[in-house]
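Here's a short tour of a protein model, written for someone just getting started. Have a look at the picture, then follow along.

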Amino acid sequence: MNNQPPETPLGNILVVDDTPENLRLLSTMLTHRGYAPRCVINGQMALRACNSNPPDLILLDIMMPEMNGYEVCQHLKSEAKTREIPVIFISAKDEVFDKVNAFAVGAVDYISKPFQFEEVLARIESHLTLRNLQKQLKEQNVLLQEEISTRRAVEKTLHEKNQILQQEISTRCAVEKALQEQNFLLQQEISNRQRAESALLKSNQELARSNAELEQFAYVASHDLQAPLGTIASYAQLLEKRYKDQLDGQASKFIGNIVQGCTRMQTLIDDLLEYSRVGRSGKPFQMTDCNHAVQQAIVNLQGAIRDTQAVVTYTELPAVMGESSQFVQLFQNLIGNAIKYRHAAPPAVHITACKQQENWLFSVSDNGIGIASQHQERIFQIFQRLHTQREYSGTGIGLAICQKIVERHGGSIWVESEPGQGSTFHFTLP
């Protein structure tokens, strides 16, 4: 049988007894069984030993001088550091009262002297095992409490996240509902716009067809009116020539009025034909130098310029995309109007152009009679005249042709003027 103690002690046991023989016997017995005993001979030493290095179990004698075992046990159980250490009383006192008192002060067991080694060892082993189980249970309980706290914290976090998720879901549902409503309204608006665009396109097509038919009618009617007017004028002139001696002054005047009316009607028809040709022109646009267009317009107006001693000047003008013949007509009409509607002083006409974002802004200024503000919009309408034939000749189509040319080239035209202060006609070209 191997009586050598194990390398690792089974437990640290404090033996408290004032009898040296008992201490020696218990110490030898415990050492041989693998325990690590510590021996003290009184209660004060036992308390100091427990505070400095708490043992796993205490074997405590009751009858000791100065401080008996009950008092030692009471001190141990009053301190948190030593409260959990199991105490086994070993005493020669075998009365029931002594045992009850031992358990009352906190002992876990009671062994009567003389004791048997095997009984002492069995009870030590049993209580150490129970003590270890209690420690393990306490440690597991601490771990369990920590796990419970962790789980509660996790559950709380999950609950908070779930609430946030629910709020986010509610918000998303509300956003999706709002988006669906907006999408529905957008679809309705798109449908309404498509219907409106379709109706507008149909109206534009109908308007374009009507305009084309009107232009065609104006062209045909004007062209067909030329021959009968020429016939009337010719016969009137022939009548005046053959029967001049037989006609009185009143008849000659009537014939003169007929010829004059036919001439004026032919001029009006020529202008109307010119107006209808603006929209009917099928020539492709090309880069056109506006300086050349102004020069050609001045050449065409050379007779009126010479008769009125007019002065026409212009700054450097740009080249733009368009139909050159219509640009010549545009400048010719504007310069011609400036010469026609003049004061007694010789007309002065000045043409400029400046860049404005995507457009060129042209300005044709004169020193003429000017135009009242209430008439400045309607002068661009066809057949609109502000003066009688006796005051200023014309058909009232020239500015309407200008507007039609400018709009055909993607621009707009307007006038700034005051009566007696001259006029400035502005128009834009891309």
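Let's begin with Thr428, which sits in strand β12, a stretch covering residues 423-429. Keep in mind that the model is a predicted one. Is Thr428 buried or exposed? Thr428 is buried, because its relative accessible area is 11% and anything under 20% counts as buried. Leaving aside residues up to four places away in sequence, Thr428 touches Asn359, Trp360, Leu361, Val406, Gly411, Ser412 and Trp414.

Now zoom out to the sheet. Strand β12 belongs to an open sheet of 5 strands, lined up as β7-β9-β10-β12-β11 with mixed pairing. Which strands stand at the edges? They are β7 (311-314) and β11 (413-417): each has a single partner strand, so one side of each has no neighbour in the sheet. On average, neighbouring strands here are turned by 20° against each other, direction ignored.

Within this sheet, β9 (residues 348-356) and β10 (residues 359-365) run antiparallel and are joined by 7 bridges. For example, Lys355 has Trp360 in β10 as its bridge partner. Helix α7 (residues 290-300) packs on the sheet, where it touches β7, β9 and β10. The direction of α7 makes about 175° with that of β7.

Next up, a pair of helices. Two packed helices are described by the angle between their axes and the distance between the axes. The axes of α9 (residues 324-340) and α10 (residues 398-408) come within 9 Å and cross at roughly 145°, and the crossing is left-handed. On the α9 side, the contact is made by Gln326, Gln329, Leu330, Asn333, Leu334 and Asn337. On the α10 side you'll find Gly398, Leu399, Ile401, Cys402, Ile405, Val406 and Arg408. Sorted by type, the residues of this contact are 7 nonpolar, 5 polar and 1 charged.

Finally, the aromatic rings. The count comes to 5 aromatic pairs. Take Phe115 and Phe117: their ring centres are 6.1 Å apart and their planes stand at 45°, so this pair is tilted. Elsewhere, Phe331, Phe362 and Phe427 form one aromatic cluster.

How buried are some of the residues we've met? Here they are side by side:

| Residue | Relative accessible area | Class |
|---|---|---|
| Thr428 | 11% | buried |
| Phe115 | 14% | buried |
| Phe117 | 36% | partly exposed |

So the two rings of that tilted pair fall into separate classes, with Phe115 buried and Phe117 partly exposed.

Conventions. Residues are numbered from 1 along each chain as its sequence is written. This is a predicted model: local features need pLDDT of at least 70, side-chain atom pairs count only at pLDDT 80 or more; totals for chains, interfaces and linings use all residues. Side-chain values use heavy atoms; hydrogens and water are left out. Rings of Phe, Tyr and Trp (its six-membered ring) pair if their centres lie within 6.5 Å; planes under 30 degrees apart count as stacked, over 60 as edge-to-face and the rest as tilted. Buried means under 20% relative accessible area, exposed over 50%, partly exposed in between (1.4 Å probe, protein chains only). Helices (H or I, at least four residues) and strands (E, at least two) are DSSP runs, numbered from the N terminus. Contact means heavy atoms within 4.5 Å. Two strands pair if DSSP finds at least two bridges between them. Axes are lines fitted to C-alpha atoms, for helices over the stretch in contact, and angles run from 0 to 180 degrees between N-to-C directions. A crossing is left-handed if the near helix is turned anticlockwise from the far one by less than a right angle, and right-handed if clockwise. Ala, Val, Leu, Ile, Met, Phe, Trp, Tyr, Cys and Pro count as nonpolar, Asp, Glu, Lys and Arg as charged, and the others, Gly among them, as polar.
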